[in-house]
Amino acid sequence: MIFTQPTHYFIVSGHAEGYSSLNAFDQALLESGVGDTNLVRMSSILPPSCQRIERIALPYGALVPVAYADMTSSVPGEVIASAVAVGIPADPELPGLIMEHHGVGTLEEIEAQVREMAVQGMAYRNREIREVVSIGAEHVVEKHGAAFAGIVLWKL
Amino acid sequence: MIFTQPTHYFIVSGHAEGYSSLNAFDQALLESGVGDTNLVRMSSILPPSCQRIERIALPYGALVPVAYADMTSSVPGEVIASAVAVGIPADPELPGLIMEHHGVGTLEEIEAQVREMAVQGMAYRNREIREVVSIGAEHVVEKHGAAFAGIVLWKL
Amino acid sequence: MIFTQPTHYFIVSGHAEGYSSLNAFDQALLESGVGDTNLVRMSSILPPSCQRIERIALPYGALVPVAYADMTSSVPGEVIASAVAVGIPADPELPGLIMEHHGVGTLEEIEAQVREMAVQGMAYRNREIREVVSIGAEHVVEKHGAAFAGIVLWKL
């Protein structure tokens with residue numbers, strides 16, 4: 001393999017206003033507890049036997065594999081949300097499926113949709129689900145806003 | 001170096017309908033034989049002496065470097081396609097160039113274009129081509145469709 | 001950790017015309033001196049004590065973590081630019097913040113904006129700045145043009 005296999009995961013979310021869309025995104029990462037790292041985006045599987053942990057402090061500037069949803073908007077008053085869900089398989093030797101969703105809408109709407117996407121994706125695989133874990137964030141835009149949700153993979 | 005250098009590659013493609021655009025993308029990956037992994041997107045070079053192999057079963061949840069084209073659409077009846085091409089250099093000590101292309105159109109159109117892009121990119125380098133390898137997928141959208149094509153780098 | 005921690009960085013930029021938008025992007029990378037590698041995009045932190053070096057020749061096809069801005073356009077006569085800035089902290093044990101910006105506009109405009117984004121992001125952290133390092137590229141589009149600027153992380 002090219003990269004080390006992740007063994008643990010944790011879920012995070014946050015939202016923020018900022019000087020620009022990218023500043024808002026950066027501050028949403030800080031709010032989520034994964035700021036000051038280098039997120040490397042990937043699509044979107046929970047490795048077998050990957051254990052859930054509470055959020056840990058990642059080393060500054062570390063390269064961190066993450067599946068995430070993000071939404072930025074510069075439309076004042078707009079309600080935006082991002083959410084991720086992971087379908088955890090009943091069989092721990094099988095992988096789980098991570099889904100991401102974002103858009104204009106409430107967290108309730110966006111998170112319900114992403115959970116259904118995870119359920120549908122596991123059903124397509126005929127893979128029994130033990131539980132669906134999800135998290136998200138909602139933001140009402142003032143000038144430049146961002147909502148972020150992610151599932152961080154890590155190796156301890 | 002930060003990451004291990006790839007030594008082998010294989011080409012994949014697939015298409016699917018799904019519950020949402022992201023579900024369709026996920027199912028196109030499964031159809032391609034690279035589902036249930038974590039694709040890490042990169043731009044887009046075949047390392048020198050990188051050997052072509054038949055598609056292998058990647059470990060569940062592995063982080064996999066890949067150059068890919070993808071196209072999703074929710075317009076019923078629309079024909080979409082994705083294709084990738086790699087210009088293999090005559091001199092095995094030089095790198096090859098991977099190009100990606102996607103859009104509304106037939107596979108024939110999209111794949112012809114991506115092959116020409118690889119030819120042009122190698123010509124710009126004054127690098128003689130031994131062959132152009134390409135692959136793609138076409139999909140006629142019902143509700144939410146996806147077409148995917150990729151070149152996966154790996155280390156054996 | 002999953003990936004090796006970077007220890008050095010260098011800044012690059014370039015612009016080009018090409019056969020297609022992606023060919024223009026590819027040629028802008030060559031012009032920048034990071035062509036013929038596999039860029040892995042990340043968001044966007046300079047690790048503590050990461051040392052600036054002059055641009056080095058990266059191995060062909062290497063997987064290279066980079067924070068970058070890119071802009072392509074196929075509107076003849078349009079002026080486009082991309083720029084990146086990094087806020088270097090006064091305290092070397094703290095991380096720096098990399099910002100990316102691109103758009104229709106001159107390099108002067110785009111680079112001024114990205115520098116301000118880095119300043120604002122460091123201010124949000126209450127983190128004193130030693131200096132702001134930035135680089136960018138501007139391009140006047142003929143048919144298909146690209147402007148690229150990036151901060152490459154590496155381990156020596």
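Copies of a chain are superposed here by least squares on the C-alpha atoms of residues with pLDDT of at least 70 in both. In this predicted model, such a superposition lays chain C on chain A with an RMSD of 0.0 Å, by a turn of 120° and a shift of 0.0 Å along the axis. Chain C is likewise superposed on chain B by a rotation of 120° with 0.0 Å of shift along its axis, again at an RMSD of 0.0 Å. That is the relation of a three-fold axis. Within chain C, the C-alpha nearest this axis belongs to F3(C), at 3.9 Å from it.

The interfaces that chain C forms may be taken in turn, beginning with chain A. Here 31 residues from chain C meet 29 residues from chain A. The two chains bury about 2500 Å² between them, and 64% of this area lies on carbon and sulfur atoms. Which three residues of chain C supply more of the area it buries against chain A than any other three? They are M1(C), I2(C) and F3(C), which supply 29% of that area. F3(C) thus appears in two roles, since its C-alpha also comes closest to the rotation axis among the residues of chain C, at 3.9 Å.

Against chain B, chain C contributes 29 residues, and these are in contact with 31 residues of chain B. The area buried between chain C and chain B is about 2500 Å², with 64% given by carbon and sulfur atoms. On the chain C side, the residues that lose the most area to chain B are Y19(C), Y60(C) and L63(C), together 26% of what that side buries.

Helices take part in the contacts between chains, and the pairing of chain A with chain C serves as a starting point. The axes of helix α1 (residues 21-32) of chain A and helix α2 (residues 107-124) of chain C come within 10 Å and cross at roughly 25°. Angles under 35 degrees count as roughly parallel, and α1(A) and α2(C) are therefore roughly parallel to each other. The crossing in which α1(A) passes α2(C) is right-handed. From α1(A), the residues L22(A), N23(A), Q27(A) and L30(A) meet M117(C), Q120(C), G121(C) and Y124(C) of α2(C). Sorted by class, this contact of α1(A) with α2(C) comprises 4 nonpolar, 4 polar and no charged residues.

Chain C also offers its other helix, α1, to chain B. Helix α2 (residues 107-124) of chain B and helix α1 (residues 21-32) of chain C have axes that come within 10 Å and cross at roughly 25°. The helices α2(B) and α1(C) are therefore roughly parallel to each other, and their crossing is right-handed. On the α2(B) side the residues are M117(B), Q120(B), G121(B) and Y124(B), which meet L22(C), N23(C), Q27(C) and L30(C) in α1(C). The contact of α2(B) with α1(C) has 4 nonpolar and 4 polar residues, with no charged ones.

The remaining helix pair to consider joins chain A to chain B. The axes of helix α2 (residues 107-124) of chain A and helix α1 (residues 21-32) of chain B come within 10 Å, crossing at roughly 25°. Accordingly, α2(A) and α1(B) are roughly parallel to each other, and α2(A) passes α1(B) in a right-handed crossing. M117(A), Q120(A), G121(A) and Y124(A) of α2(A) make the contact with L22(B), N23(B), Q27(B) and L30(B) of α1(B). How do the residues of the contact of α2(A) with α1(B) divide, and how many are charged? There are 4 nonpolar, 4 polar and no charged residues in the contact of α2(A) with α1(B).

Conventions: Residues are numbered from 1 along each chain as its sequence is written. Chains are lettered from A and ligands numbered from 1 in the order in which they are written. This is a predicted model: local features need pLDDT of at least 70, side-chain atom pairs count only at pLDDT 80 or more; totals for chains, interfaces and linings use all residues. Side-chain values use heavy atoms; hydrogens and water are left out. Axes are lines fitted to C-alpha atoms, for helices over the stretch in contact, and angles run from 0 to 180 degrees between N-to-C directions. Helices (H or I, at least four residues) and strands (E, at least two) are DSSP runs, numbered from the N terminus. Angles under 35 degrees count as roughly parallel, over 145 as roughly antiparallel, 65 to 115 as roughly perpendicular and the rest as oblique. A crossing is left-handed if the near helix is turned anticlockwise from the far one by less than a right angle, and right-handed if clockwise. Contact means heavy atoms within 4.5 Å. Ala, Val, Leu, Ile, Met, Phe, Trp, Tyr, Cys and Pro count as nonpolar, Asp, Glu, Lys and Arg as charged, and the others, Gly among them, as polar. Buried area is the accessible area (1.4 Å probe) that two parts lose on being put together, summed over both.
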